[in-house]
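Welcome! Please take a moment to look over the sequence and the model before reading on.

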Amino acid sequence: MDYFGDPAQWLPFTFAMLMGVSILIYVVLDGFDLGVGLLFPFADEDEKDNMIAAIGPFWDANETWLVLAVGLLLVAFPAAHGTILTALYLPVAVMLIGLILRGVAFEFRVKAPLSYKSRWNWAFFVGSLMTSLSQGFMLGMYVMGLTWTLPHVAFALLTAVFLTIGYSFIGATWVIHKAQGNLQLKAIDWAKGGIWGLVLGISAISIATPFVSSRIFDKWFSFPEFLWLSPLPILSAVLVAWLWQMLKTMPFSGDRFSWLPFGAATALWTTAFGGMAYSFYPYVVPEKLTIYESASAPESLFIILVGTIFVLPTILAYTVLAYYVFRGKATELRYD
Amino acid sequence: MDAFLLSRIQFAANISFHILFPTITIALGWVLLYFRVRFNISKDQRWMDAYMFWVKVFALSFAMGVVSGITMSFQFGTNWPGFMETVGNIAGPLLAYEVMTAFFLEAVFLGIMLFGASRVKPWVHTTATFLVAFGTTMSAFWIIVLNSWMHTPQGYEMIDGVAHATDWWAIVFNPSMPYRFTHMMLASFLTVSFLIAGISAFRILIGGNTAGVKSALRTAIVAAALLMPVQILVGDMHGLNTKEYQPAKVAAMEGIWETQNGADLLLFALPDDDARENRFEIGIPNLASFILTHDWNGEVKGLNEFVTEDGEVMHPRVAPVFWSFRVMVGTGVLMLLTSWAAVAMMARKTANGNARRGVEGLPRLMLFGFVAMSFSGWLATLAGWYTTEIGRQPWLVQGVMTTEMAVADVPAPLVLSTLLAYLAVYAILLAAYIAVIFHLARKASRGETLKPRVPGSGAAVAAVPAE
């Protein structure tokens, strides 16, 4: 261990990175299937079935990244886990009930008697909405330092709406990739309608974060950091412009590059997420608790790390396998 | 009620709801693999029919297990932050290994197992089924390791009130783990046996298309009849292990207040925790001593040994433990008698005396009995977990920290509101789950499983997702 320097330094940092990557993968992957749920009311009955077929084989594994992310928070930063989740007690409960509703609606909507199907469709939408709103709310509260004051809650309500629209946007880009014909055209319209939520959300958080904390302000707006950080907002702006241009001309002939909007959206989320991670480092509970203060004992982190080194590449490999097996346009999901 | 009690009820509600579904998926995964392999070998369509029917129940149960499991992982933080703050160095790696080795494995290969049968080669599909079954079992293993460590902790040292691991081998293979893991695995297989037997009996009773049903029913009944006696033996060994490491729990299970030699086995009693005595005892003389010590006059420690000098009660409330234990044993005995009676009926010779009667030899009353006992495994499993978990109180980690030390400082009304919301959701989902299983059974009997939805309504895509 000592080859890398002080394990009480590099282990918490490694786990913060791992947790960050898990959260990012989660918001992209579960983001698209939550988004599909949010778009449900805009689709007709057959389109709903087709949209479910586009996410059916993946959603279970997508949601597992949330378990891994909160699991890493739990096991690597136990003190922070308690502080954050106790402060967010109510939105967490709303999110969990939302996740329950939508997770089981996947199964029930096709297994329950036909007359109940529309109710489970509705449960799928409501569950997705509860999950998205509460995650956006938690994001806002986190940025505001996890204190329940009226302005903070107001800001969190705003980010709740923006993140929800953002999820519906990335969901629409996934449907563009997975669907064809009329549904694909509809999805392009949905994406055009949703991209503004994403832009406003990223802007709101980017503007608010430095003003909540002078520490974060200094991290961004001092020389020379400002210079080498400037590509981040510039890249985001370029991505947004490119996405907008692309959506206006889609679908491309022969349906080539149908994955590009989803890819560009993922890149956009990654830059936004990278910016946030830079702002908050080294704090895991904003301005209160650093990753180093809240980390588990090095010997426990080390034994988790040993497992992670073997397991994470395996997880990534078979995730890729699952996406490969179900590649291409979504087709009818059948057991036989 | 205070936030502590409400949080306990909320956690109990969540974990009770959650355990119902892993109890089914752990064993059902292996049963599906068995069906799949039987089909690979014999190419007999009946086994594939059985697979296709039960894989739907698996998918439904798996989804219920995943979503309620996510709830659990958050509840550690929202309601019990003290747990991870004190023993996080030990619980953390165990939970991490659970998520990494098991959760992902099953979640990813589930997609291929459910929807991949026509997209991948048969051996890939069989392998995916195996990996899902293996994943659920690994998941159960790590969770049982952590749970057992909370009952019989070892391999750690306390530094400034925080547990630090000293010996991972000792932590993983702690004294109660092998017993608890075996007991739970068998409980899962028995639960699934009775579920398959019950639903198959239901399908025979309503008639119609019964392809694969009789094979499934016979497999389930034979499995139950074979496993039930093993479970009773393992349960007894688990009890002896508990007597050694958690004598207060055993005293509560048996309703024994005073340490005594030749303790009676109480068949019925109303333990009164306030008066610290039993009312209306009916017991079999000396039998409790014999079961627990294998000596008719062996000594069994009483609950009064676990009250400190200043009157602090360091044993669980007796009545819930006492009764949960009896419900578990009673259900188990009923499961034993039913499965053995069914095997005896199936083994009878036919009129011309050449062959065994098999499933045809089961009278209608017996089939109704199996339908009624479809979910008997749930009852026994829940009662068993209540026995062991309530039996550990007031400890959260035996001898290390009490449950009260872990509770979050969340206002009681807030906990009450989320508790009510969870209970409402769980009640609806449980009703829907059971109703849908019977609905699937009726649908399969009508032979509708593999046909498209409703004629004419799916012109655009003709899709029957997840069907």
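This short report looks at the overall build of one chain and then at a few backbone details.

Keep in mind as you explore that this is a predicted model. Chain A contains 14 helices and two strands. Along its principal axes, the C-alpha trace of this chain spans about 55 × 40 × 40 Å. A compact globule of 336 residues would have a radius of gyration near 20 Å, and chain A agrees, with 20 Å. Of the 336 residues in chain A, 54% are buried. Among its contacts between residues at least 6 apart in sequence, 75% join residues at least 24 apart.

One helix to look for is α8 of chain A, which covers residues 181–212. At 1.5 Å a residue, its 32 residues should span 46 Å, and the end C-alpha atoms are 47 Å apart, which agrees. Within α8(A) there is a kink of about 30 degrees, centred on A:G193.

Now for some backbone angles. Most residues other than glycine have a negative phi, and most peptide bonds are trans. Two non-glycine residues with positive phi are listed here.

| Residue | Phi | Loop |
|---|---|---|
| A:L146 | near 65 degrees | between α6 (117–143) and α7 (150–178) of chain A |
| B:D160 | near 50 degrees | between β1 (156–159) and β2 (162–165) of chain B |

Are these residues buried or exposed? A:L146 counts as partly exposed because it has 18 C-beta neighbours inside 10 Å. B:D160 has 5 other C-beta atoms within 10 Å, so B:D160 is exposed.

Finally, the peptide bond from B:Q393 to B:P394 is cis, with omega near 5 degrees. B:P394 sits in the chain B loop between α12 (376–390) and β7 (395–397).

Note on methods:
Residues are numbered from 1 along each chain as its sequence is written. Chains are lettered from A and ligands numbered from 1 in the order in which they are written. This is a predicted model: local features need pLDDT of at least 70, side-chain atom pairs count only at pLDDT 80 or more; totals for chains, interfaces and linings use all residues. Helices (H or I, at least four residues) and strands (E, at least two) are DSSP runs, numbered from the N terminus. The expected span of a helix is 1.5 Å times one less than its number of residues. The bend at a residue is the angle between axes fitted to the seven residues ending there and the seven starting there. The radius of gyration is taken over C-alpha atoms; the globule rule is 2.2 Å times the number of residues to the power 0.38. A residue is buried if 20 or more other C-beta atoms lie within 10 Å of its own, exposed if 12 or fewer, and partly exposed in between; C-beta atoms are placed from the backbone. Two residues are in contact if their C-beta atoms, placed from the backbone, lie within 7 Å.
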